[in-house]
Amino acid sequence: VEERPTDGQFVASLAKLYVAESQANPALEVIRSYTKVCGATALGYALEAEVLFQQRHYNDAMGAIIASLKLYPDSARMHQLLGLLLLMDRDYVDAGLELQKAEQLNPNDANIRYYYGRALYLYGRVAEARDQFLACLKSDPQYRKALENVGLSYQAVNDYANAAKYYQQAIEREKTENVKHGEPFGYYGAMLMEMGQPKQALPVLQEGIAASPRSLVVNFELGRVLYALGQPQQAQHFLEVAENLNPQYAQTHYLLGRVYNQQKRTKEAEQEFK
């Protein structure tokens, strides 16, 4: 970069390296030096957007992304980042449109495929979402979240056999990870409950707790299963853990209220319902 300060490839590589190392100030200095020489460019705005996005300055990142796309509308990464910001705002329609553009520009990117699938799934276009998750796995067979999301997609259309197959594959993959995550166990257990099989769900969720004791979905679903099996005291423990993990999850408060009611703890139940 010192020898060729106008070479966008070198500038981008150095700035992205700083971003990957969470060194925002050196990254911004590289971008500023490039902008002083070359003026306002799509690359300069794009690199600035990467830094701002990593720092969670999402409004500023949005401005930089839009400025970059005005100068160069065929950037898959900028469409992807814009789609992610819209996804966080729960604007699933526009997020899907941006991620679709990103996918068309870079069809082999597993991240783009995954988040495009999430936008489609959250908007209710389940079959299309499933296809994106499968395409994600084709690009990257080790993509951690894709298998469980294929399972969720099949479950949404009541194809429980295929959903179970993918949940089980996701669980097997979790067993090989250094850091365990609870979602595949939780989603599979929740589906078994949906099928009216709480006894079959119990060992799946117990395995999930052993793998990831701080997982919201596993603690909540295990509490729900234990309550359904007539074990409110044990259910209370896991529901209280879930409540502490995410006090904004309304279903936990509701179920805890029912547990406290059963235990004749009327005031605590009332508070949970409120």
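What follows is a quick tour of the fold, surface and salt bridges of a predicted model.

The protein chain is built with 16 helices and zero strands. Its C-alpha trace spans about 75 × 40 × 35 Å along the principal axes. Of the 274 residues, 47% are buried. Looking at contacts with a separation of 6 or more, 45% come from residues 24 or more positions apart.

On the outside, the chain exposes about 14,500 Å², with carbon and sulfur atoms supplying 48% of that. Charge-wise, there are 28 positive and 32 negative charges, and their mean positions sit 5 Å apart. A nonpolar patch on the surface brings together Val93, Leu97 and Tyr123, which share about 270 Å² of accessible area. Leu97 belongs to helix 6 (residues 92-105) and is partly exposed, at 41% relative accessible area.

The salt-bridge count comes to 15. One of them pairs Asp7 with Arg4 at 2.8 Å, N to O; Asp7 is buried at 17% relative accessible area, while Arg4 is partly exposed at 48%. Another links Arg144 to Glu174, with the closest N and O atoms 3.4 Å apart. Arg144 lies in the loop between helix 8 (126-139) and helix 9 (146-156) and Glu174 in helix 10 (residues 160-176), so this pair ties together parts 30 residues apart in sequence. Here Glu174 is buried, at just 2% relative accessible area, whereas Arg144 is partly exposed at 23%.

Lys274 and Glu270 also form a salt bridge, again with the closest N and O atoms 3.4 Å apart. Lys274 is exposed at 73% relative accessibility, and Glu270 is partly exposed at 42%. Elsewhere, salt bridges with shared partners join Lys145, Glu148 and Glu183 into one network.

Notes
Residues numbered from 1 in each chain as written. Predicted model: local features only at pLDDT ≥ 70, side-chain atom pairs only at ≥ 80, totals over all residues. Heavy atoms only, no water. Helix = DSSP H or I, 4+ residues; strand = E, 2+ residues; numbered from the N terminus. Buried < 20%, exposed > 50% of the residue type's maximum accessible area, 1.4 Å probe, protein only. Contact = heavy atoms within 4.5 Å. Areas by Shrake-Rupley, 256 points an atom, 1.4 Å probe, with all protein chains shown as cover. Lys, Arg positive; Asp, Glu negative; His and termini not counted. Charge placed at Lys NZ, Arg CZ, Asp CG, Glu CD. Patch = residues over 30% accessible without salt bridge, like charges linked within 9 Å, V, L, I, M, F, W, Y side chains within 5 Å. Salt bridge = Lys/Arg side-chain N within 4 Å of Asp/Glu carboxyl O.
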